[in-house]
Amino acid sequence: MIRVDIETIVMASGPVPSLIVLRERKDAEADGAPRRALSIQTGSYEAASISRGLDSSQQNRPITHDLFVNTLEQLGVKLERAEVNRVDAPIFYARLVLSTPADDGATREVAVDARPSDAIALAVRANAPIYVEDDVMNRAGTIVRHHDANAAEDELRQFDQFVQTLSPDDF
């Protein structure tokens with residue numbers, strides 16, 4: 001499993017789907033590999049709910065995701081993590097991993113299937129980590145190139161030098 005953060009939420013309206021972009025954490029670059037990102041399409045309501053969960057201000061009335069997290073807390077259940085664990089393009093699948101105290105004092109984990117948008121919306125409200133299965137990231141993710149300002153300036157300088165050497169006969 002790969003730990004990810006929400007990089008951005010692209011809000012859309014009408015028939016155009018919204019987009020949630022999850023990015024691999026920076027510590028993944030420690031081995032020199034470029035980071036990856038995963039884009040998941042979702043409805044505008046779901047995207048708005050995730051965005052609202054990221055906003056730490058309290059709302060007067062809880063929506064369904066707030067209600068679910070409040071219910072878990074009242075029952076003594078903790079949302080340990082959200083996992084995007086499968087893809088059958090273009091559909092992603094997820095699960096919530098919940099922990100509950102057992103009668104013997106130990107902790108018992110239970111996994112519950114969920115839509116990725118619901119899993120992410122709940123995770124941001126419960127301050128739980130979000131993970132993506134490595135196979136899902138490999139199949140549906142994209143490589144995020146690190147933007148190096150010095151390299152971009154160097155490339156622009158080289159291009160400028162090249163353009164200055166051109167003559168009309170080169171065309």
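1. A quick term before we start: two strands count as paired if DSSP finds at least two bridges between them. Keep in mind that this is a predicted model. With that in hand, look at β1 (residues 2-10) and β7 (residues 130-132), which pair in the antiparallel sense over three bridges. One of the residues to find here is Arg3, whose bridge partner in β7 is Tyr131.

2. Now zoom out to the sheet. It is open, has eight strands with mixed pairing, and runs in the order β6-β5-β4-β7-β1-β2-β3-β8. β6 (107-114) and β8 (142-144) each have a single partner strand, so one side of each is left without a neighbour in the sheet. From one strand to the next, the twist averages 35°.

3. Next, helix α3 (residues 116-126). This helix lies across β1, β2, β3, β4, β5, β6 and β7, and runs at about 40° to β5.

4. What about the inside? The largest nonpolar core has 31 residues, and Leu22, Leu38, Val84 and Val132 touch the most other members. α3 gives the most to this core, with six residues. Leaving aside residues up to four places away in sequence, Val132 touches Met1, Ile2, Val4, Leu22, Leu38, Val84 and Met137.

5. Last, the helix pair. The axes of α1 (residues 44-54) and α3 come within 8 Å and cross at roughly 15°. Angles under 35 degrees count as roughly parallel, so that is how α1 sits relative to α3. The crossing is left-handed. On the α1 side the contact includes Glu46, Ile50 and Leu54, while α3 brings residues including Ser117, Ile120 and Val124.

Key
Residues numbered from 1 in each chain as written. Predicted model: local features only at pLDDT ≥ 70, side-chain atom pairs only at ≥ 80, totals over all residues. Heavy atoms only, no water. Helix = DSSP H or I, 4+ residues; strand = E, 2+ residues; numbered from the N terminus. Axes fitted to C-alpha atoms, helices over the stretch in contact; angles between N-to-C directions. Contact = heavy atoms within 4.5 Å. Core = buried A, V, L, I, M, F, W, Y, C linked by side-chain atoms within 4.5 Å. Buried < 20%, exposed > 50% of the residue type's maximum accessible area, 1.4 Å probe, protein only. Parallel < 35°, antiparallel > 145°, perpendicular 65-115°, else oblique. Left-handed = near helix turned anticlockwise from the far one by under 90°.
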